[in-house]
Structure formats: structure tokens, C-alpha cells
Amino acid sequence: MLFLLPQIRDFTATKLINSIALNGKIEIIDPEYNERFFTNTGGQRIPTSYLNDLREEVKETAIRFGFPLKKKSYLDFEFEIAKIFFSSPFLWNDNDGNPTGEALRNNFWAYLTILLLPDIATWRWGFPKDNIPTKAWSVRMRGGGIRNTFQRIFRRVVSFDRGKNFPDSERLELIKQLNEDEFQAIIERTSLSASSKVSIFCAEEIISRKPNKNISEKMKQFIYRQSSIDLTAYGKVQALDLLSENELKELIFSVFKNREEEILRNPDLLEKNNSN
């Protein structure tokens, strides 16, 4: 069954974001907020109890990871949230396992972050300095793009799920092995992240290079990002998703290898890149 998911419009999101920033605390957690809306299309509105259950599951997970005290790293927490989204049937089509159109709506993720889970979002990112909602902070609350607190985790599930040929316990393992910068190197390039096959092979290539102690972390991040840019450029000439698995793996390996050899020959490229 297709469940229609609640949404809030941009002007409502802006109003609530400004209020959260100004007050420096969470005053509204209301899944039935009067400015929410549902798309006028076929389907049944999701029961509020389902949303409350999702909130409780996320909050209980946050408590296990130290909520409301701040942490140095949230990667393990976010992996658990990825597993919760993976197991939430109202986000996925029954027939093919792809995300529903409702789950891809930016306005739903704004609703989820600002009205259902604002305390968890502000635990993750804090409140803005001087109570001013900067762009960098606001995008963590607003739906859309690759920065929203929870939408970005959902996108990881969409991009890095290994599929039904793997046991459920192994389908999301790639997510557990990547850090924030490594996710961004792939997901911020929509021509890569739109294809789970391309995303998965890129992730596997990055993971295979992580143990190399002869290359600094800064160099590795440079290699990953520049390789993703190169692959994006290549994809404008040849549809990556149409390559065979072996061809795609060989291409990704060669692109990463070329960037690694380049930075080892000329380490000054790293400084030039940082200054841009």
C-alpha cells in the first residue's frame, strides 16, 4: 500500500527554522502540526501512530548513543538510523524495493526533521551561533539537497544498498565503512549516486584504499573527490550504468589510480586545491 507522507511548504519550514534558531531550544514536536499537508493523489494518509513509532525508535537509538550529550562522532548513530529507514516499509515500494515517490519529496524530509525529530537534528548539529540561522545550519533542517539531517542518511540507503542478493544483515555494510567526506565524494555527484551500481563500486574502491598508510588522509580525500569529478565528466560521454560490471570496476579503478599517482608525483596539488 502506498502511504501519503506529511509535508510542509518552504515558507513554513523557514518560519519554524527561524523560531528554533531564535529560541535556542525545541518548542514544537507535533506530527499533526496544522500547516502540514498531503499530496492530492491516490493513496492513504500514513497513520500518525506510524510516525510516532518512527520518532520513538529514532529517539531511543539516539539515547543509546548519548543523547542529549554531544558526541565527537555520529557515524555509528547514523548507521543505525540508516537501518531504521531501511526497515520502514512506508518509505519503500512493495513490488521492487525502490523508494516511493512520497519518500523522495523534499518537503517530507523538512517535515520529518523540523516537526517530528527537531530535538535529534539539533543534537546532531547544535543550535546556530548568536541564534542566527545561517545557511550552513538551515540546510541541515530544510528538505532537499544532500545536507538535510535525515534525508542524507536515507540517500545513503538508496545509493549503497547491495540488494536482495545479499542477506539483510550485509546489505548496508558499505554505509558502516564510509565516513562523512567519503559519502559526500559520491553522493554530491548526482550522476554517480543516481545509480546504485556506480555508487556501490565507487564505495568499494574507496574502502579498498582506506588501509593504505603511505598516503595521508588529506591526500585520500583529494583522490576520492577528484576521482568522482573525473567519473562525472566521463559519464557525460558514456553512460556509466550501461557498462558491464567488469568494465565499470576497471574504469573506476583506473580513474582512482591515475589520481593517486598524480598526487604522489605532485603533492603541491593538495595545497592548490585547498586554497581554491
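This report walks through the fold, the backbone and the charged side chains of a predicted model.

## Overall fold

Let's start with the chain as a whole. Its secondary structure consists of 15 helices and two strands. The radius of gyration is 20 Å, close to the 19 Å that the globule rule gives for 276 residues, so the chain is as compact as a globular protein of that length. Along the principal axes, the C-alpha atoms occupy a box of roughly 60 × 50 × 35 Å.

The contacts give another view of the fold. If you take those between residues at least 6 apart in sequence, 74% join residues at least 24 apart.

## Surface and interior

How much of the chain is buried? Of the 276 residues, 47% fall into the buried class. The surface that remains open amounts to about 14100 Å², and carbon and sulfur atoms supply 49% of that area.

Charge can be summarised in a similar way. The chain carries 40 positive and 38 negative charges, and the mean positions of the two sets are 4 Å apart.

## Backbone points worth a look

Most residues other than glycine have a negative phi, and most peptide bonds are trans. With that in mind, a few places in this model are good ones to visit with your viewer.

One is the peptide bond from Phe67 to Pro68, which is cis, with omega near 10°. Pro68 sits in the loop that runs between helix 2 (48-64) and helix 3 (75-86).

Next come Asp130 and Asn131. Phi of Asp130 is positive, near 60°, and phi of Asn131 is likewise a positive value near 60°. Asp130 belongs to the loop between helix 5 (118-125) and helix 6 (135-138), and Asn131 is placed in the loop between helix 5 and helix 6 as well. Are these residues buried or exposed? Asp130 has a relative accessible area of 58%, over the 50% cut-off, so Asp130 counts as exposed. Asn131 has 36% relative accessibility and therefore counts as partly exposed.

## Salt bridges

Side chains of opposite charge can pair when their charged atoms come close. In this model the count comes to 21 salt bridges. Some of the residues involved are joined into a network: Glu78, Arg124, Arg152, Arg156 and Glu180 are linked by salt bridges.

Helix 12 (residues 196-209) offers a pair within a single helix. Arg209 and Glu205 both lie there, four residues apart, or about one turn of the helix. The closest N and O atoms of their salt bridge are 2.7 Å apart. What is the accessibility of each partner? Arg209 has a relative accessible area of 13%, so Arg209 is buried, and Glu205, at 10% relative accessibility, is buried too.

## Two pairs along helix 14

Helix 14 (residues 245-265) holds Lys257 and Glu261, which are four residues apart, about one turn of the helix. These two form a salt bridge in which the closest N and O atoms are 2.5 Å apart. Lys257 has a relative accessible area of 35%, which makes it partly exposed; Glu261, at 32%, is also partly exposed.

Arg259 and Glu262 belong to helix 14 as well, three residues apart, again about one turn of the helix. Their salt bridge brings the closest N and O atoms to 2.6 Å. Here the partners fall into two classes. Arg259, at 16% relative accessibility, counts as buried because the cut-off is 20%, whereas Glu262, at 24%, counts as partly exposed.

## Ser227 and its contacts

Arg259 also appears in the surroundings of Ser227, a residue of helix 13 (residues 217-235). Is Ser227 buried or exposed? Its relative accessible area is 0%, so Ser227 is buried.

Which residues does Ser227 touch, leaving aside its neighbours within four places in sequence? They are Val255, Phe256 and Arg259. Arg259 thus takes part in two of the features described here: a salt bridge with Glu262 and a contact with Ser227.

Notes: Residues are numbered from 1 along each chain as its sequence is written. This is a predicted model: local features need pLDDT of at least 70, side-chain atom pairs count only at pLDDT 80 or more; totals for chains, interfaces and linings use all residues. Side-chain values use heavy atoms; hydrogens and water are left out. Buried means under 20% relative accessible area, exposed over 50%, partly exposed in between (1.4 Å probe, protein chains only). The radius of gyration is taken over C-alpha atoms; the globule rule is 2.2 Å times the number of residues to the power 0.38. Contact means heavy atoms within 4.5 Å. Accessible areas come from the Shrake-Rupley method with a 1.4 Å probe; for residues, only the protein chains shown count as cover. Lys and Arg count as positive and Asp and Glu as negative; His and the chain ends are not counted. The place of a charge is taken as NZ of Lys, CZ of Arg, CG of Asp or CD of Glu. A salt bridge is a side-chain nitrogen of Lys or Arg within 4 Å of a carboxyl oxygen of Asp or Glu.
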